[in-house]
Amino acid sequence: MKRLSIAILMLFVVVSANAQSKIGTIDAEYILAQMPENAEVNKSLEVYNEELQGDLKNTIGKYETAVKEYQETNVGLTDDVKKEKENEIIGMENEIKGFRQKASVMLQMKRSELTGPLYAKIDTAMKEVIQEEGYTQIFHSGSGGLAFSREQDDITLKVMEKMGIEVKPETMQQAAGSTTTEN
């Protein structure tokens, strides 16, 4: 009898806790991709990437010139001068390698800088939908991080509508397909 009472009590606690929670999902990356401002972000990133590539090309040009000059003149140089020139060339090689690694990080930082205000807009609209509909928890459903989500729990399209982003029929199917997945 005691076990039955405890089981009923536990069932009641689980049911009442469940009744008080409203859980939803959102795909902020999908919303970002649909925002008109995202095209400008992509253009700015292309320009920035081209600047970085130009800087890299200039550095590689200096490196190639130094190597060619060294190859043409190394016969008549003393060992100390040869060693100095070789160290300069090795330093330039390391600079090029480091720049390539830094460029990737710099591009990612620029992306974050440019998309930050867009994510803030998404966040504001999401909070409005959460408030209006009484959600207690929202999970991000993009990038395959969510194993399963019911279509009716997804607030992605509601947030897009709140932001004034036109929701086209094919957009709704894509959004539904991106958040209702099983792995």
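**Salt bridges and a negative surface patch**

In this predicted model, Arg-150 and Asp-153 join their side chains in a salt bridge, with an N to O distance of 2.9 Å. The two partners can be told apart by their exposure. Arg-150 has a relative accessible area of 41% and is therefore partly exposed, whereas Asp-153, at 18% relative accessibility, counts as buried. The assignment for Asp-153 follows because buried means under 20% relative accessible area.

Salt bridges that share partners also occur, and they tie Glu-128, Glu-132 and Lys-162 into one network. Within this network, Glu-128 pairs with Lys-162, and the closest N and O atoms of the two lie 3.9 Å apart. This distance is accepted because a salt bridge requires the side-chain nitrogen to be within 4 Å of a carboxyl oxygen. The contact links distant parts of the chain: Glu-128 belongs to helix H4, Lys-162 belongs to helix H5 (residues 156-163), and the two are 34 residues apart. Both ends of the pair fall into the intermediate class of exposure, since Glu-128 is partly exposed with a relative accessible area of 36% and Lys-162 is partly exposed at 31%.

It is worth pausing on another link to helix H4. The side chains of Glu-37 and Lys-121 form a salt bridge with an N to O distance of 2.7 Å. Here, too, distant parts of the chain are brought together: Glu-37 sits in helix H3 and Lys-121 in helix H4 (residues 79-133), with their positions 84 residues apart in the numbering. Glu-37 counts as partly exposed at 31% relative accessibility, and Lys-121 counts as partly exposed at 41%. In total, the structure holds eight salt bridges, among them the Glu-37 to Lys-121 pair, the Glu-128 to Lys-162 pair and the Arg-150 to Asp-153 pair.

Charged side chains also appear outside these pairings. Glu-46, Glu-50, Glu-51 and Asp-55 make up a negative surface patch. Patch members are residues without a salt bridge, so Glu-46, Glu-50, Glu-51 and Asp-55 stand apart from the bridged residues described above. One of the patch residues, Glu-50, lies in helix H3, which spans residues 37-73. Glu-50 has a relative accessibility of 56% and so counts as exposed, the cut-off for that class being over 50%. Helix H3 thus carries Glu-50 of the negative patch as well as Glu-37, the partner of Lys-121 in helix H4.

Definitions and conventions
Residues numbered from 1 in each chain as written. Predicted model: local features only at pLDDT ≥ 70, side-chain atom pairs only at ≥ 80, totals over all residues. Heavy atoms only, no water. Patch = residues over 30% accessible without salt bridge, like charges linked within 9 Å, V, L, I, M, F, W, Y side chains within 5 Å. Areas by Shrake-Rupley, 256 points an atom, 1.4 Å probe, with all protein chains shown as cover. Lys, Arg positive; Asp, Glu negative; His and termini not counted. Charge placed at Lys NZ, Arg CZ, Asp CG, Glu CD. Helix = DSSP H or I, 4+ residues; strand = E, 2+ residues; numbered from the N terminus. Buried < 20%, exposed > 50% of the residue type's maximum accessible area, 1.4 Å probe, protein only.
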